[in-house]
Amino acid sequence: MKKKLSFSLLLFSIFLSISIISFFPEKFSTYLINYNIDKNQNRFNFKKDEIAVFTIGTGSPLGAQRANSGTAVFLNEKFFLFDVGDGVVQKAENMNLPLNQLDGIFITHYHSDHYIDLPYMINRSWVLGRNQDLNVYGPTGLKEILDSNKSFLKLENKYRVDHHGPELMNTKYALGIPNEFENLDKQIIYNKDGVKITAFNVDHYPVIPAVGYSIEFNNKKIVISGDTKANKVVFEMAENADLLIHEVILNSLLKKTATILDNKSMKRNSRIVTDIQDYHASPKEIIKLANKANVKTLILTHLIPAPDNIVIKNLYKKETKGFQGKIYLANDGDKFIVK
Ligand SMILES: [Zn+2]
Ligand SMILES: [Zn+2]
């Protein structure tokens, strides 16, 4: 009897709360505004000797609920982004990453799933209050892309200044600064305040140039593969790395998918699913090379296909068995701290 009464009371109070919120939303809006403003203040105060990594986008153009390539790295009070594929701006905002404090963007190659959000990220970080230079680093081709941004963003930037005034919207920071490097192998492209970032060529043929990045700070090392076949150079760079963020393709499943598409006379799709297999890396190859290189933590991203159901998750699990360190199939929004 007592239980019945307390359950009825609970139901009644839920009903009452919903009714009050529905009929008097104004009463709650002040609370909601305060809550939303305050909840993320000072959320990104990391320890100075740590590196924090967020996988913002972990999907691929093969389609999924995930954003495409984008990884945020916080170190030494700097905020760097590696690739800005489609959906990365929106995902980063949903994750409450401080885009107005963005210091640099590094692009691995010019497939749309790695850079199509670049104009938007430059613009959005500025609109949100970025008041410092935004350096963009990338192999040959970057300057042309950023040059075209000038005309692409011309009207948008003008309207922002017209509306909010030049003090609030300083056009000095409205565009990214190109730091294009030639396709020379293993070159240090950033070396400041103890942070060293090296670009190295990977094998994503016929996509040339295509690079990966190694990030070193405070005796810690993180390597980002970019898009590549299983490639010795990546693992040379990742020797004893604390974190290797590597792309992956589940070849066994894609082969089967191509056959099924063929049987359904979907020749174009079948051809694409077949073509993409020759410039990405399979789990087994990655595990073998990562073990050899003594990688401590392996994060698989750019997952083709995304492991969004139990069948695909288990296929990845099976094919990544035998890795000696820690291994993760990254999700959008995951956070990794290197101490
Ligand atoms: Zn890609
Ligand atoms: Zn690619």
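Q: Which residue in strand 11 is the bridge partner of Ile222?
A: This is a predicted model, in which strand 10 (residues 220-224) and strand 11 pair in the parallel sense over three bridges. Strands are DSSP runs of E with at least two residues, helices are runs of H or I with at least four, and both are numbered from the N terminus; two strands pair if DSSP finds at least two bridges between them. In strand 11, the partner of Ile222 is Leu243.

Q: Is the β-α-β crossover from strand 10 to strand 11 right-handed or left-handed?
A: The chain leaves strand 10, passes through helix 8 (residues 232-237) and arrives at strand 11. With the strands pointing away from the viewer, a clockwise path from the first strand over the helix to the second is called right-handed. This crossover is right-handed.

Q: Which pLDDT do local features need in this model?
A: Residues are numbered from 1 along each chain as its sequence is written, while chains are lettered from A and ligands numbered from 1 in the order in which they are written. Totals for chains, interfaces and linings use all residues, side-chain atom pairs count only at pLDDT 80 or more, and local features in this predicted model need a pLDDT of at least 70.

Q: How many residues of strand 11 (residues 243-249) are buried?
A: A residue is buried if 20 or more other C-beta atoms lie within 10 Å of its own, exposed if 12 or fewer, and partly exposed in between, with C-beta atoms placed from the backbone. One side of strand 11 has Leu243, Ile245, Glu247 and Ile249, the other has Leu244, His246 and Val248, and all of these are buried. The count of buried residues in strand 11 is seven of seven.

Q: Which residues touch the most other members of the largest nonpolar core?
A: A nonpolar core is a set of buried Ala, Val, Leu, Ile, Met, Phe, Trp, Tyr and Cys residues joined through C-beta atoms within 7 Å. In soluble globular proteins, nonpolar side chains tend to be buried together. Here the largest core has 75 residues, and the members that touch the most others are Ala72, Val73, Ile222, Leu243 and Leu244.

Q: With which residues is Ile222 in contact, leaving aside neighbours within four places in sequence?
A: Two residues are in contact if their C-beta atoms, placed from the backbone, lie within 7 Å. By that rule, the partners of Ile222 are Ile51, Val53, Val73, Ile215, Ala241, Asp242, Leu243 and Val338.

Q: What is the strand order of the open sheet that has strand 7 and strand 13 as its edge strands?
A: This sheet has seven strands with mixed pairing. Strand 7 (187-192) and strand 13 (326-329) each pair on one side only. Within the sheet, strand 11 pairs with strand 12 in the parallel sense over seven bridges, and four bridges join strand 12 to strand 13, also parallel. The order is 7-8-9-10-11-12-13.

Q: Which strands stand at the edges of the sheet with the order 6-5-4-3-2-1-14?
A: This is an open sheet of seven strands with mixed pairing. An edge strand has a single partner, so one side is left without a neighbour in the sheet. The edges are strand 6 (177-181) and strand 14 (334-338).

Q: Is His302 buried or exposed?
A: Most residues other than glycine have a negative phi, and most peptide bonds are trans. His302, in strand 12 (residues 297-304), has a positive phi of about 50°. Because 30 C-beta neighbours lie inside 10 Å, His302 counts as buried.

Q: Is Asn96 buried or exposed?
A: Asn96 also has a positive phi, about 60°, although it is not a glycine. Its place is in the loop between helix 3 (88-94) and strand 4 (104-106). Because Asn96 has 11 C-beta neighbours inside 10 Å, it counts as exposed.

Q: Which residue does a cis peptide bond join to Ile208?
A: The loop between strand 8 (195-201) and strand 9 (211-217) holds Pro206, which a cis peptide bond with omega of about 10° joins to Tyr205. Another cis bond, with omega of about 0°, joins Ile208 to Pro209.
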